[in-house]
Structure formats: C-alpha cells, structure tokens
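Here is a short set of exercises on reading a protein model. Work through each task before you look at the solution.

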Amino acid sequence: MHFIVDLFTNKIFLAPAAGWFVAQIIKIIIDTVKSGFCKERLYGGGGMPSSHSATVTALMIVTGAIYGASSFEFVMALFFGIVVIYDARGVRFETQRQGKALNNLNEERKEEGKQPLDINRFKEKMGHTVPEIAVGMLIGIICAVVVLHLNI
C-alpha cells in the first residue's frame, strides 16, 4: 500500500502521467470530432497533440525544478526527452509517411486490377509534425507547473 501512496504523491511521477493523460484525452476529442471515434486513439501514437512530447517535457520540467539543472537526474531526463522527441518527429514520422505510401500503392494496384502487394495495411498515425510536438510540449509544461504547485 505504501508503494501506491508513494507513487501517487511523487511529483516526478504525477507530472509526466498528467501530461500523457491530458494529451491523450485531447487527441481522442480532436480525432473523434474530425473522423469519428476510433478505439486505437486510446493507446495509439501519432496525432495532435504529441503525448510523447507532453510526457517527456513534463518529466524534464518537474525534474529540473525539484533537483536543479546541475543534477544527474535532470541531465538524464533532458537527454531522454531529446531522444524521445527526436524519435517522434524523425523516425516515427518517416515510418508513418512510408506506411501511407505503401498503403496508397497497394490501393492503386487493386484499382488497376493488378495483384496487390502481400502486405497488411500499415499504420498511418505514428509520428508527429512540429506543431503536434509544440502543443504536446506546451501541455507538458502546463502539467508540470500545476503538479509542482500541488500541496502533496
């Protein structure tokens, strides 16, 4: 029981968890308004805003505020955050683009009466654009500031 109480009173846990949760809720609302409810939005990556960015930004801010910029903990959180955001924008975004291209190629082949490629449909929401990352980072900052001001 102490473990759970300790976890849910730990600001370094609460801030990134809140960042992720808020970003996911906003993402579900935006996607539902745009194209109807999709259960994959409950756990899937990609889309507006970036929950990757919200989570790691909140982690960086709260860690820096608690331990200071010269601490080992902050440096670890900072570089972890940089890698996650870089990956969300770079690698995952390019994978998303390639998935869309292969899906489009397969649809064109079907429409032309050609043998479709022997592939399953690829996910088309994986990475993030710069605005999605920026909004995610803003959510992370707000969540970290709110959690830092909680009296727990």
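A residue counts as buried when its relative accessible area is under 20%, as exposed when over 50%, and as partly exposed in between. Keep in mind that this is a predicted model.

**Exercise 1. Place Ser50 and decide: is it buried or exposed?**

Step 1. Find the residue. Ser50 sits in the loop between α2 (11-35) and α3.

Step 2. Apply the cut-off. The relative accessibility of Ser50 is 0%, so Ser50 is buried.

Step 3. List the neighbours. Leaving out residues up to four places away in sequence, Ser50 touches Ala23, His128, Glu132, Ile133 and Gly136.

Step 4. Look for a polar partner. A polar atom of the Ser50 side chain lies 3.4 Å from the backbone nitrogen of His52.

**Exercise 2. State which helices and strands the protein has, and how much of it is buried.**

Step 1. Count the elements. The protein has six helices and zero strands.

Step 2. Read along the sequence. The pattern is α-α-α-α-α-α.

Step 3. Turn to burial. Of the 152 residues, 33% are buried.

Step 4. Check the contacts. Take those between residues at least 6 apart in sequence: 70% of them join residues at least 24 apart.

**Exercise 3. Describe how α2 packs on α3.**

Step 1. Recall the method. Two packed helices are described by the angle between their axes and the distance between the axes.

Step 2. Get the numbers. The axes of α2 and α3 are 8 Å apart, at an angle of about 155°.

Step 3. Classify the angle. Angles over 145 degrees count as roughly antiparallel. Therefore α2 is roughly antiparallel to α3.

Step 4. Give the hand. α2 and α3 make a right-handed crossing.

Step 5. Name the residues. Those of α2 include Ala15, Gly19 and Ala23, and those of α3 include Ala54, Ala58 and Val62.

Step 6. Sort the contact of α2 with α3 by class. There are eleven nonpolar, five polar and two charged residues.

**Exercise 4. Do the same for α3 and α6.**

Step 1. Get the numbers. The axes of α3 (residues 51-67) and α6 (residues 130-148) come within 7 Å and cross at roughly 40°.

Step 2. Classify the angle. α3 and α6 are therefore oblique to each other.

Step 3. Give the hand. The crossing of α3 and α6 is right-handed.

Step 4. Name the residues. Among them are Ser53, Ala54 and Ile61 in α3, and Ile133, Gly136 and Ala144 in α6.

Step 5. Sort the contact of α3 with α6. Twelve residues are nonpolar, four are polar and none is charged.

**Exercise 5. Complete the picture with α2 and α6.**

Step 1. Get the numbers. The axes of α2 and α6 come within 8 Å, and they cross at roughly 140°.

Step 2. Classify the angle. α2 and α6 are therefore oblique.

Step 3. Give the hand. α2 and α6 cross in a right-handed way.

Step 4. Name the residues. They include Ala15, Gly19 and Ala23 of α2, with Ile139, Ala144 and Leu148 of α6.

Step 5. Sort the contact of α2 with α6. The tally is eleven nonpolar, one polar and one charged.

**Exercise 6. Locate Ile142 and say how exposed it is.**

Step 1. Find the residue. Ile142 is in helix α6.

Step 2. Apply the cut-off. The relative accessible area of Ile142 is 47%, so Ile142 is partly exposed.

Step 3. Compare sequence with space. Ile142 and Ile61 are 81 residues apart in sequence, while their C-alpha atoms are 9.7 Å apart.

How values were computed
Residues are numbered from 1 along each chain as its sequence is written. This is a predicted model: local features need pLDDT of at least 70, side-chain atom pairs count only at pLDDT 80 or more; totals for chains, interfaces and linings use all residues. Side-chain values use heavy atoms; hydrogens and water are left out. Axes are lines fitted to C-alpha atoms, for helices over the stretch in contact, and angles run from 0 to 180 degrees between N-to-C directions. Helices (H or I, at least four residues) and strands (E, at least two) are DSSP runs, numbered from the N terminus. Angles under 35 degrees count as roughly parallel, over 145 as roughly antiparallel, 65 to 115 as roughly perpendicular and the rest as oblique. A crossing is left-handed if the near helix is turned anticlockwise from the far one by less than a right angle, and right-handed if clockwise. Contact means heavy atoms within 4.5 Å. Ala, Val, Leu, Ile, Met, Phe, Trp, Tyr, Cys and Pro count as nonpolar, Asp, Glu, Lys and Arg as charged, and the others, Gly among them, as polar. Buried means under 20% relative accessible area, exposed over 50%, partly exposed in between (1.4 Å probe, protein chains only). A polar contact is a pair of N or O atoms within 3.5 Å; within protein, one must be able to donate a hydrogen and the other to accept it, and residues adjacent in sequence count only if both atoms are side-chain atoms.
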